[in-house]
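Dear colleague,

I am passing on the structure we talked about, together with the notes I made while going through it. Please look at it first, and then read on below.

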Amino acid sequence: MFLPTDNSKNPPTLPRNCTFSESDWQILAGFWHPVAFLNDIANDPVSSTLLDEKLVIYRTSEGVNVAKDLCMHRGTRISLGSIRQDRLICPMHGLEFDWTGQCRKIPSLVDQTAAIPRKLCLRKYLSTERYGILWVCLKNEPIHPLPEWPELEQKESEYERIDIPLESAWNASASRQTENFIDIAHHPFVHLETFGNPNETQIEEHVIEKTTNGLKLHFRRKEMERGWHDPSSAGERLTDYIYDLTFPFAKDLFTEGVEDGIKCHFYDIASPVSANRTEIFQINLTNNLFCSREEFSKYQLVTNEEDRQYVEAQCPEEVPLDLRQEIHTPSDRFSIEYRRALVEKFGLGSPYVG
Ligand code: FES
Ligand SMILES: [Fe+2]
């Protein structure tokens, strides 16, 4: 009924009903995570959730701003409000907030020249725009950079860009989704409607490289072209794969047909809504857009659904960072390196020492 009075100097910083361990939340909050495609931020506030923290995203003439989705007056979700004359307006009593998050107007005041307390403001968060995506860090200092994807920023490019529409969030952790994305052994079993080749189950020796901000894997296999867009092209297709992972959840999968020279980048960033719910941001590039963008997207969405059914069924929902908790095969070297790095570089999965 009533929230007890808290006289402590350091009130808890974790979101209400946080689904992460405190240690993991404190570490993950230091990374950049995507929260929206910039094209989706227009004239109305947009709500989003990152690491269980509810956010409001609003555009003013100063740019796109991100804050906690909470009006400090009586606690309603300010994303239910509107934007007028460059101000975010709370729907409950009409308080108006500027791009800095400061309240600039209280409509109920008789004296409209009276000073407004500075603490009547929104809790702003760090945000940045890159690759057409809005990224947010819930700490004041990011602990790791954004992924470097130069092909997405070239003005004169051999590639065409396809933004994959956001689907409903996966009922899975960002770590399980990421591991599935970098798992090369599942293709012949899971992707039987798209590119998986049931005759290519064996995983040859492959190279894994430690990069400045993540891990890279080079691999070659005969994938299956099922002739979705051109039945005459159906058949096996020898393909080079380069997986370029930026910690913790950003992936660039580059594929190149050895004989046909068709090149694609599949960018895939898992954004942890909560410990067991994940929004997937995807951008594709191709040097051979042989069909409409809608058809190209559809192929990606079918591929996603092939993965989703098994990733959502994985137990435990989070990737166990104690390597003894699952049994590994030689084809799992990439995921083993990934698990090790999350522990050794960032301390994930262990008690927080802050
Ligand atoms: S709750 Fe936002 S103005 Fe009152
Ligand atoms: Fe997959």
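Please bear in mind throughout that this is a predicted model.

I begin with the chain as a whole. The protein chain holds five helices and 17 strands. Its radius of gyration is 23 Å, close to the 20 Å that the globule rule gives for 354 residues, so the chain is as compact as a globular protein of that length. Taken along the principal axes, the C-alpha atoms fill a box of roughly 75 × 45 × 35 Å. Of the 354 residues, 31% are buried, and among contacts between residues at least 6 apart in sequence, 55% join residues at least 24 apart.

Next, the domains. The domain assignment divides the chain into domain 1 (22-137) and domain 2 (150-346), and the centres of these two domains, taken over C-alpha atoms, are separated by 33 Å. Where they meet, 14 residues of domain 1 are in contact with 11 residues of domain 2. On the domain 1 side, α1 (22-28), β1 (33-37) and β2 (46-50) each contribute at least two residues to the surface that touches domain 2, with the largest share, four residues, coming from β1. Sorted by class, this side of domain 1 has 10 nonpolar, three polar and one charged residues.

Within the range of domain 1, you will find an open sheet of four strands, in the order β5-β6-β7-β8 and with antiparallel pairing, in which β5 (82-84) and β8 are the edge strands, each pairing on one side only. Strand β6 (residues 87-89) and strand β7 (residues 96-97) are joined in the antiparallel sense by two bridges, and Leu88 stands opposite Phe97 of β7. The loop between β5 and β6 contains Gln85, which has a positive phi of about 50° although it is not a glycine. Gln85 counts as exposed because 8 other C-beta atoms lie within 10 Å.

A second residue of this kind is Leu51, in the loop between β2 and β3 (53-60), where phi is near 50°, again a positive value in a residue other than glycine. Is Leu51 buried or exposed? Leu51 has 25 C-beta neighbours inside 10 Å and therefore counts as buried.

Turning to the helices, α2 (residues 174-181) is mostly covered, as eight of its eight residues are buried; among them are Arg176, Glu179 and Phe181. The elements that cover the buried residues of α2 include β15 (250-257), β16 (263-274), β17 (277-286), α4 (293-311) and α5 (333-346). In α5, the buried residues are Phe334, Ser335, Tyr338, Arg339 and Leu342, and their cover includes α2, β12, β13 and β14 (235-246). At 1.5 Å a residue, the 14 residues of α5 should span 20 Å, and its end C-alpha atoms are 19 Å apart, which agrees. After α5 comes Gly347, with a positive phi near 80°.

Two of the strands that help to cover α5 also pair with each other: strand β12 (residues 207-210) and strand β13 (residues 214-225) run antiparallel over four bridges. A hairpin of three residues joins β12 to β13, and Glu209 has Lys216 of β13 as its bridge partner.

There are also cis peptide bonds to look at. One joins Phe247 and Pro248, with omega about 0°, and Pro248 lies in the loop between β14 and β15. Another runs from Cys315 to Pro316, with omega near -5°, and Pro316 lies in the loop between α4 and α5.

Finally, two positions outside the regular elements. Pro117 belongs to the loop between β8 (103-105) and β9 (126-130) and counts as exposed, because it has 10 C-beta neighbours inside 10 Å; its C-alpha atom is separated by 58 Å from that of Ile327, which is 210 residues away along the chain. Thr13, in the segment before α1, is partly exposed, with 13 other C-beta atoms within 10 Å. The C-alpha atoms of Thr13 and Gln26 are 9.2 Å apart in space, with these positions 13 residues apart in sequence numbering.

With best wishes

Terms used. Residues numbered from 1 in each chain as written. Chains lettered and ligands numbered in written order. Predicted model: local features only at pLDDT ≥ 70, side-chain atom pairs only at ≥ 80, totals over all residues. Pairing = 2+ DSSP bridges. Rg over C-alpha atoms; globule rule 2.2 N^0.38 Å. Buried ≥ 20, exposed ≤ 12 C-beta atoms within 10 Å, placed from the backbone. Contact = placed C-beta atoms within 7 Å. Domains from an automatic or database assignment. Nonpolar A, V, L, I, M, F, W, Y, C, P; charged D, E, K, R; others polar. Expected span 1.5 Å × (residues − 1).
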